[in-house]
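Biologist: Please take a close look at the ligand site in this model. I would like one connected account of what surrounds the ligand and how it is held in contact.

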Amino acid sequence: MKKYILAIETSCDDTCIAVLENDKVLSSVISSQIQIHALSGGVIPEVASRLHEQNIFFVLDEALKKANITLNDLKAIGVTIGPGLIGSLQVGLQLAKTLAVTLNIPYFPIHHLAGHLLANLIENKIAFPALGIIVSGGNSELVLLNDYFDYEILGDTLDDAIGEMLDKVGRVLGLPYPSGPIIDKMAKLGENKYHFPIPKIEGYNFSFSGLKTNLINFIHKREQNQENLDLENICCSLQESAFAQILNKTKLILETYPIKSILLGGGVAANSKLREKILNLETDNLKIYLPKLMYSMDNAAMIGVVTNLLIDNYQSAELTISAKPNYKLNDWGDYLNGQKKT
Ligand code: KG4
């Protein structure tokens, strides 16, 4: 049966709405705030929520038009509930609740990182247990998925997220925000000349703030000595050191757990070098899923795909539920357990 789903994602600085027919994406509209945040060198939360508020109805209108449906055709709504910026999340959540009440349809709170990981479901079927590698501007986590909604966080960053680190180093290098994609391009022209250190941390956790401080001191020293900034080689060496941590911990997990699939997700999943390195891990017994580039960055299609998995077997959320800026994936998994229809 045809079920039209409206999906809303406003966790950070992109206002995103998608329409799906079951698991098929009919439209995925993203209104990016990057040009405005680039002026201040990063996202100012207050500005982000105001822009969501200004743009969200235009984005809704465009998403419906592109999908060639009206609000009355909708059967369910999925909305990012967290993690993210509180004010930004609230704009999307408020729209979802209002539409759910006025249209008398169910709405489902979706975890932002589950969206990033399960974006790989668009056009794919996944074998479990799977290892989720989340690399974004706000999160860096290694997650064991025993099933779609059964999560165990194996590793996490002890400080900065990888994308946050790339953007901060990029700023010191004089690159515009967000610097991740530019570092990616520059790195292709360089080599790992500087061999920046790779922190040795027990278990599956990682840390990126040491690398950030190291790079900032390195850049300042070059500037003081009036040496040219060797951008291409610095970018390549920076990526090699940062990605080595992710690869090392991933390999460690593969030695211990019977992982059948790897799901890469988050904005840094768009990085060409990281994609190449993760893809190289593929074997006959280990399938690698990389999200399409359009579904690597924040988008609402990924929220819609997760919603589609919930609509038949889970209860709609209470209207009293509120945005959760620091929501953990496993806590969301526990919440869903309590929502399962019997
Ligand atoms: O997932 P995302 O869109 O937003 C959240 O953090 O939720 O990720 C944004 C991050 C930024 O830090 C940006 O610099 C990084 O993704 N990024 C990249 C690339 N494209 C985006 N980092 C490295 N290489 C890229 N090609």
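Modeller: One definition comes before the elements: helices and strands here are DSSP runs, numbered from the N terminus, with at least four residues for a helix and at least two for a strand. The model is predicted.

Start with where the ligand sits. Its place is the largest pocket. Two domains meet the ligand there. Domain 1 covers 4-118 + 297-339, and domain 2 covers 125-290. Both give residues to the shell, so the ligand lies between them.

Now the shell itself. It holds 19 residues around the ligand. The closest are G137, D167, D184, G267 and N271. By class, the shell has 6 nonpolar, 10 polar and 3 charged residues. Three helices each supply at least two residues to the shell: α4 (112-118), α5 (162-172) and α6 (180-187).

Next, the polar contacts, taken one at a time. G137 uses its backbone: an N or O atom there lies 2.7 Å from an oxygen atom of the ligand. Two histidines use their side chains. For H112, a polar side-chain atom is 3.3 Å from a ligand oxygen. For H116, an N or O atom of the side chain is also placed 3.3 Å from an oxygen atom of the ligand. The cut-off for such a pair is 3.5 Å. How much of the ligand does the protein cover? On its own, the ligand has 550 Å² of accessible area, and the protein covers 91% of that.

A few backbone features in loops complete the picture. The peptide bond from F128 to P129 is cis, with omega about 0°. P129 belongs to the loop between α4 and β6 (130-135), and α4 is one of the helices that supply the ligand shell. A cis bond also runs from G82 to P83, with omega near -5°. P83 is in the loop that lies between β4 (74-82) and α3 (86-103). Finally, N22 is a residue other than glycine with a positive phi, near 55°. The loop between β2 (14-21) and β3 (24-32) contains N22.

Definitions and conventions: Residues numbered from 1 in each chain as written. Predicted model: local features only at pLDDT ≥ 70, side-chain atom pairs only at ≥ 80, totals over all residues. Heavy atoms only, no water. Near = heavy atom within 4 Å. Polar contact = N/O pair within 3.5 Å; in protein donor to acceptor, adjacent residues only side chain to side chain. Areas by Shrake-Rupley, 256 points an atom, 1.4 Å probe, with all protein chains shown as cover. 1 Å grid on protein atoms, 1.4 Å probe; cavity = no way out; pocket = protein on both sides within 12 Å on 5 of 7 lines; lining within 4 Å. Sits in = over half its atoms within 2 Å of the grid points. Nonpolar A, V, L, I, M, F, W, Y, C, P; charged D, E, K, R; others polar. Domains from an automatic or database assignment.
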